[in-house]
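Here are my notes on the model you sent over, as numbered points. Keep the viewer open while you go through them.

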Amino acid sequence: MSTLAALSKSNPSAASPGEEVFVHPKALVETTDIGPGTRVWAFAHVMEGARVGARSNICDHVFIEGGAVVGDRVTIKNGVAIWDRVTIEDDVFLGPNCVLTNDFAPRAAIRKPRSDLAPTRIGAHATIGANATIVCGVGIGRGAFIGAGTVVIRDVPAFALVVGNPARQTGWMCACANKLRLPVSAAIGMSTTCDACGRAFTVTGQGLALAAVPFPIFLEAQ
Ligand SMILES: CC(C)(COP(=O)(O)OP(=O)(O)OC[C@H]1O[C@@H](n2cnc3c(N)ncnc32)[C@H](O)[C@@H]1OP(=O)(O)O)[C@@H](O)C(=O)NCCC(=O)NCCS
Ligand SMILES: [Zn+2]
């Protein structure tokens with residue numbers, strides 16, 4: 001099948017269960033655990049033992065190591081490597097050349113068992129900006145937004161906007177990518193509504209939680 005024909009078959013908005021995976025003829029896919037509608041582009045390498053969900057888009061020069069887990073509808077832009085013990089939840093955006101890690105203090109001469117590698121979890125709907133670095137052992141909260149070039153060394157709350165090295169929270173970002181009118185220091189229990197889309201949020205101990213009102217709210221529902 002030509003690239004174009006395969007692509008039109010695997011348009012993510014049209015993908016349905018049972019649809020084939022599109023693998024560019026110059027990509028190397030060794031895993032069998034890859035969901036329907038996912039597209040893998042040129043010079044990407046997905047190793048045996050990697051798990052990739054459905055309708056994800058794996059762009060040129062991406063590397064996914066055995067043991068890594070990637071969810072559904074994830075966008076992985078060019079040049080990103082996802083290592084063993086890294087979990088990328090559904091609907092995450094990984095910007096070009098962002099860096100994930102799995103060894104907190106590596107030395108070439110020290111070979112570590114898998115159990116000594118530090119797990120990293122990128123929560124559903126989070127965005128990692130271009131060239132950001134995520135030092136291993138952290139959790140990025142659901143819907144968090146990591147600015148371009150940020151170095152993340154600690155957990156990031158849900159829907160927090162962080163920038164800089166080391167990452168500092170400068171605001172809160174809606175699922176629609178509009179900045180919320182809510183101070184970083186907002187107290188637990190405070191609420192806000194996005195000016196752009198109307199999603200409602202409440203501050204919790206782990207960042208913002210989406211309220212289920214006034215309408216079915218998360219992106220999967222759109
Ligand atoms: C973070 C981002 C969304 C902008 O957020 P914002 O809060 O609207 O940014 P503003 O322009 O209002 O700047 C607010 C402050 O944050 C700083 N800032 C913004 N983005 C920054 C970044 N990536 N790194 C460091 N500081 C940043 C600004 O310098 C400013 O600081 P100041 O108040 O001391 O002057 C944007 O800069 C960004 O990084 N987007 C990601 C782009 C990307 O990687 N896309 C990948 C796909 S191509
Ligand atoms: Zn919004």
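1. Start with how far along the chain the contacts reach. Among contacts in the protein with a separation of 6 or more, 20% join residues 24 or more positions apart. Keep in mind that this is a predicted model. Secondary structure comes to one helix and 24 strands, and buried residues account for 37% of the 222 residues.

2. A word on confidence. The average pLDDT for the protein is 90, and 87% of the residues score at least 70. Residues 1–14 are another matter: the pLDDT there is below 50, and the stretch has 14 contacts in the model beyond near neighbours in sequence. I'd read that part with care.

3. Now the sheets. One of them is an open sheet of nine strands with mixed pairing, running in the order S1-S3-S6-S9-S12-S15-S18-S20-S21. Strand S1 (22–23) and S21 are at its edges with a single partner strand each, so one side of each has no neighbour in the sheet. Another open sheet has five strands in the order S5-S8-S11-S14-S17, and its pairing is parallel. Its edge strands, S5 (51–52) and S17 (139–140), each pair on one side only.

4. Inside the five-stranded sheet, have a look at strand S8 (residues 69–70) and strand S11 (residues 86–88). They pair in the parallel sense over two bridges, with Val70 standing opposite Ile88 in S11. Ile88 comes up again in point 7, as one of the residues that Leu94 touches.

5. The S18, S20 and S21 end of the nine-stranded sheet is where I'd spend some time. Which way does strand S20 (residues 160–163) pair with strand S18 (residues 145–146), parallel or antiparallel? Parallel, over two bridges. Phe145 is opposite Leu161 in S20, and Ile146 has Val162 as its bridge partner. With strand S21 (residues 168–172), S20 pairs in the antiparallel sense over four bridges. Val162 turns up here too, standing opposite Gln169 in S21.

6. The connection between S20 and S21 deserves its own look. The two strands form a hairpin with four residues between them, and Gly164 in the turn has a positive phi of about 90 degrees. In the loop between S20 and S21 you will also find Pro166. The peptide bond from Asn165 to Pro166 is cis, with omega near -5 degrees. As background, most peptide bonds are trans, and most residues other than glycine have a negative phi.

7. Leu94 makes a good landmark in strand S12 (residues 93–94). Is Leu94 buried or exposed? Leu94 counts as buried because 29 C-beta neighbours lie inside 10 Å, and 20 is enough for that label. Leaving out residues up to four places away in sequence, Leu94 touches Thr75, Ile76, Lys77, Val80, Ile88 and Ile128. The C-alpha atoms of Leu94 and Ile122 are separated by 9.6 Å, although these residues are 28 residues apart along the chain.

8. Two phenylalanines are worth checking for their backbone angles. Phe43 has a positive phi of about 65 degrees although it is not a glycine, and Phe159 has a positive phi of about 65 degrees too, again without being a glycine. Phe43 lies in the loop between strand S3 (39–40) and strand S4 (45–46), while Phe159 is in the loop between strand S19 (151–152) and S20. How do their surroundings look? Phe43 counts as partly exposed because it has 16 C-beta neighbours inside 10 Å. Phe159 has 28 C-beta neighbours inside 10 Å, so it counts as buried.

9. Last, the ligand. Which residues come nearest to ligand 1? Of the 14 residues around ligand 1, they are Gly95, Gly129, Ala130, Gly147 and Ala148. The shell divides into five nonpolar, eight polar and one charged residue; glycine goes with the polar group in that tally. The hairpin strands from point 6 take part as well: S20 and S21 each supply at least two residues of the shell. So if you are looking at the ligand, keep S20 and S21 in view, which each supply at least two residues of the shell around ligand 1.

Note on methods. Residues numbered from 1 in each chain as written. Chains lettered and ligands numbered in written order. Predicted model: local features only at pLDDT ≥ 70, side-chain atom pairs only at ≥ 80, totals over all residues. Pairing = 2+ DSSP bridges. Near = placed C-beta within 6 Å. pLDDT = per-residue confidence, 0-100. Contact = placed C-beta atoms within 7 Å. Buried ≥ 20, exposed ≤ 12 C-beta atoms within 10 Å, placed from the backbone.
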